[in-house]
Amino acid sequence: MRIDVVSIFPEYLAPLELSLIGKARQDGLLELNVHDLRTFTTDKHRTVDDTPYGGGAGMVMKPEPWAQALESIAGNAAVGAASQGVPAKKPVLIVPSPAGERFNQALAYELAEEEQLVFACGRYEGIDERVIEWAAEHFAVRPISLGDYVLNGGEVAVLAMVEAIGRLLPGVVGNPESLVEESHSDGLLEYPVYTKPSSWRDREVPAVLLSGNHGKIAQWRRHEQYRRTAERRPDLLAEFDAGGLTRADRAAFGELGYDVVDRQLRRRPDSGDPA
Ligand code: JAH
């Protein structure tokens with residue numbers, strides 16, 4: 001996979017040199033280029049922003065430097081593809097924005113299949129909207145939000161997305177089993193984990209985990225996933241396919257106040273507080 005990031009703060013992306021992603025680059029599994037938007041300006045002050053039409057607070061990123069940057073990146077990709085004698089698939093242009101589609105594990109898997117990703121890091125109040133429209137000529141444009149909060153720019157969101165996507169690339173994570181057994185890969189939160197010592201400050205590891213009964217351990221872990229998800233992220237249970245649940249699984253959900261109706265979990269109507 002090839003990833004290009006455009007930012008007025010390219011130093012913000014320095015952590016991508018480290019750890020898992022830095023290793024993937026060294027191993028040739030990932031090509032990552034960070035571009036300084038200001039190198040695509042033409043004026044003496046290397047201006048990237050201006051006041052908003054219609055008035056209001058803050059500044060808006062000017063279209064011209066973005067067009068220069070994105071044209072040079074899209075051009076490189078198209079020329080590279082042509083030299084290989086293949087028709088160029090549009091690279092995906094990801095625009096981090098609190099006004100975008102929500103990022104999640106399913107989207108990370110989808111984007112991990114792409115040949116080229118380009119991340120456009122906005123700052124200030126955002127990028128002139130015409131850039132987003134025009135870019136669709138060269139890119140499959142995806143405005144994407146990491147969550148419902150506002151950052152000072154897209155860079156930190158890019159760090160998170162590149163890590164989430166990069167670790168899914170073949171060969172990047174040593175043991176692929178550690179990819180499937182983790183939070184969100186089955187739409188549930190992960191079960192709690194423990195290590196030695198078995199007794200620590202008067203707190204015991206749950207006995208079932210020391211029992212050697214792997215069937216019981218698997219069931220306990222699954223039920224802990226249900227309990228945690230119901231407690232912390234009940235919104236995830238609306239998406240959960242309850243069709244394949246065992247009787248014991250359904251009983252576990254029953255104790256958490258959920259019934260199964262048409263393969264769907266349904267919160268049992270509150271019978272009210274008798275007091
Ligand atoms: C803020 C440009 N959902 C995370 C997120 C992503 C991007 C931005 N904020 C939050 C942002 C200012 C300018 C992008």
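**Entry 1: H138**

Where is the place of H138? I looked this residue up first and found H138 in the loop between helix 4 and strand 7. I note at the outset that the model is predicted.

I then asked whether H138 is buried or exposed. With a relative accessible area of 30%, H138 is partly exposed, because partly exposed covers the range between under 20% (buried) and over 50% (exposed).

I next listed the contacts of H138, leaving out residues up to four places away in sequence. H138 touches E71, A74, K90 and P91. I also checked H138 against V92: the two are 46 residues apart in sequence, and their C-alpha atoms are 9.0 Å apart in space.

**Entry 2: The chain as a whole**

I turned to the overall fold and recorded nine helices and 11 strands in the chain. The radius of gyration is 24 Å, whereas the globule rule gives 19 Å for 275 residues, so the chain is more spread out than a compact globule. Along its principal axes, the C-alpha trace spans about 70 × 50 × 45 Å.

How much of the chain is buried? I found that 38% of the 275 residues count as buried. The accessible surface comes to about 16,500 Å², and carbon and sulfur atoms hold 51% of this surface.

I also looked at contacts between residues with a separation of 6 or more. Of these contacts, 70% join residues 24 or more positions apart.

**Entry 3: Charges**

I counted the charged side chains and obtained 30 positive and 42 negative. The centres of the two sets lie 6 Å apart. Side chains of opposite charge can pair when their charged atoms come close. I therefore searched the whole structure for salt bridges, and the search gave 14. Three of these pairs are described below.

**Entry 4: E101 and R142**

I found a salt bridge between the side chains of E101 and R142, at 3.2 Å from N to O. This pair links distant parts of the chain, for E101 is in strand 5 (residues 92-102) and R142 is in strand 7 (residues 140-145), 41 residues apart.

I compared the accessibility of the two partners. E101 is partly exposed at a relative accessible area of 38%, whereas R142 counts as buried at 19%. The value for R142 falls in the buried class because that class is defined as under 20%. I also noted that E101, E110 and R142 are linked in a network of salt bridges.

**Entry 5: E155 and R123**

Which residue forms a salt bridge with E155? The partner is R123, and the closest N and O atoms are 2.9 Å apart. E155 lies in helix 5 (residues 155-166) and R123 in the loop between strand 6 (116-120) and helix 4 (129-135), so the pair ties together parts that are 32 residues apart in sequence. I recorded both E155 and R123 as buried.

**Entry 6: R222 and D249**

My last search concerned R222, which forms a salt bridge with D249. Their closest N and O atoms are 3.0 Å apart. R222 is in helix 7 (residues 214-232) and D249 in helix 9 (residues 247-255), and the pair links distant parts of the chain, 27 residues apart.

Are these partners buried or exposed? R222 counts as partly exposed at 27% relative accessibility, while D249 counts as buried at 3%.

How values were computed
Residues numbered from 1 in each chain as written. Predicted model: local features only at pLDDT ≥ 70, side-chain atom pairs only at ≥ 80, totals over all residues. Heavy atoms only, no water. Helix = DSSP H or I, 4+ residues; strand = E, 2+ residues; numbered from the N terminus. Rg over C-alpha atoms; globule rule 2.2 N^0.38 Å. Buried < 20%, exposed > 50% of the residue type's maximum accessible area, 1.4 Å probe, protein only. Contact = heavy atoms within 4.5 Å. Areas by Shrake-Rupley, 256 points an atom, 1.4 Å probe, with all protein chains shown as cover. Lys, Arg positive; Asp, Glu negative; His and termini not counted. Charge placed at Lys NZ, Arg CZ, Asp CG, Glu CD. Salt bridge = Lys/Arg side-chain N within 4 Å of Asp/Glu carboxyl O.
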